[in-house]
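Dear colleague,

I am passing on the structure we spoke about, and my notes on it follow below. Please read them with the coordinates open.

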Amino acid sequence: MKIVLIDYGGSNLHSVAKALTMAGLGAQRCSEPDEARDADALVLPGQGHFRQVMESFLESGFEPVVRYHLANQRPFLGICVGLQLLMEASEEAPDLPGLGLLRGTVRRFLDPRVSIPQMGWNQIFRRGDPPLLRGLPDGGFVYFANSYYPDFRNHDLSGAVTRYGNVEFTSLVSDGNLHATQFHPEKSQTYGLKILHNFRKVVYGGESQA
């Protein structure tokens, strides 16, 4: 199996690569789109401002690779801003469209009673039967670092939800072969590694997809 960690000039690649290896997914870092076209699975990390990350991603030439990969029903994992890029738009950069692979808008937390950004541990609660959470206890704690959250048009997608302040938002989504987390599984210790191990099961065919 060829698992590719997309290197488009973003940050946090080392910790993601290390966590994937610990979960049994020896991912190959690729900075050239042509090297990723035959990947069995793609991982798209992201950290920082939506505009900066999206512009770097578009300039990297990986967009058609990601679209082709998903159109061919191959496993995909987006992490943090790597999830947000898949949405239609973001309030962080209203004039810059997202990829539109997931329907909805990335919105900013506005509750003055909580700290923004959300930095630290919070719980995720299962919605439906997402493959990434199979065999894991509900309400597990994972690590977040976000001022913005995905607001999906389709609220019936399999995944998980999290409450922060006055907002309950989708923190994990599984839509067919597309899986994505708003939190950082690579920073979420044992629970996060189990999520990545479940993604490994998806990649190797050990778990049916949502």
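Which kind of interaction do the side chains of Glu63 and Arg67 form? Bearing in mind that this is a predicted model, the two side chains meet in a salt bridge, with an N to O distance of 3.0 Å. Glu63 and Arg67 are 4 residues apart in helix α4 (residues 63-71), so about one helical turn separates them. Glu63 is partly exposed at a relative accessible area of 24%, and Arg67 is also classed as partly exposed, with a relative accessibility of 33%.

The other charged pairs deserve a look as well. The count of salt bridges comes to 12, and one of them joins Lys2 to Asp38, whose closest N and O atoms are 2.8 Å apart. Because Lys2 lies in the segment before β1, while Asp38 sits in the loop between α2 (33-36) and β3 (41-44), this pair ties together parts that are 36 residues apart in sequence.

A further salt bridge is formed by the side chains of Asp151 and Arg107, again at 2.8 Å from N to O. Here Asp151 belongs to strand β9 (residues 148-152) and Arg107 to strand β6 (residues 104-108), so the pair ties together parts that are 44 residues apart in sequence. Asp151 counts as partly exposed at 26% relative accessibility, and Arg107 is partly exposed with a relative accessible area of 29%. In addition, Arg51, Glu55 and Asp95 are linked in a network of salt bridges.

Asp7, which is found in the loop between β1 (3-6) and α1 (13-22), is buried, because its relative accessible area of 18% falls under the 20% cut-off. Leaving aside residues up to four places away in sequence, Asp7 touches Leu13, Arg29, Cys30, Ser31 and Phe62.

As for the protein as a whole, it has 6 helices and 12 strands. Its radius of gyration is 16 Å, close to the 17 Å that the globule rule gives for 210 residues, so it is as compact as a globular protein of that length. The C-alpha atoms fill a box of roughly 45 × 40 × 30 Å along the principal axes, and buried residues make up 54% of the 210 residues. Among contacts between residues at least 6 apart in sequence, 71% join residues at least 24 apart.

The exposed area is about 9000 Å², of which carbon and sulfur atoms supply 47%. Finally, there are 20 positive and 22 negative side chains, with the centres of the two sets lying 5 Å apart.

With best wishes

Conventions:
Residues are numbered from 1 along each chain as its sequence is written. This is a predicted model: local features need pLDDT of at least 70, side-chain atom pairs count only at pLDDT 80 or more; totals for chains, interfaces and linings use all residues. Side-chain values use heavy atoms; hydrogens and water are left out. Helices (H or I, at least four residues) and strands (E, at least two) are DSSP runs, numbered from the N terminus. Buried means under 20% relative accessible area, exposed over 50%, partly exposed in between (1.4 Å probe, protein chains only). Contact means heavy atoms within 4.5 Å. A salt bridge is a side-chain nitrogen of Lys or Arg within 4 Å of a carboxyl oxygen of Asp or Glu. The radius of gyration is taken over C-alpha atoms; the globule rule is 2.2 Å times the number of residues to the power 0.38. Accessible areas come from the Shrake-Rupley method with a 1.4 Å probe; for residues, only the protein chains shown count as cover. Lys and Arg count as positive and Asp and Glu as negative; His and the chain ends are not counted. The place of a charge is taken as NZ of Lys, CZ of Arg, CG of Asp or CD of Glu.
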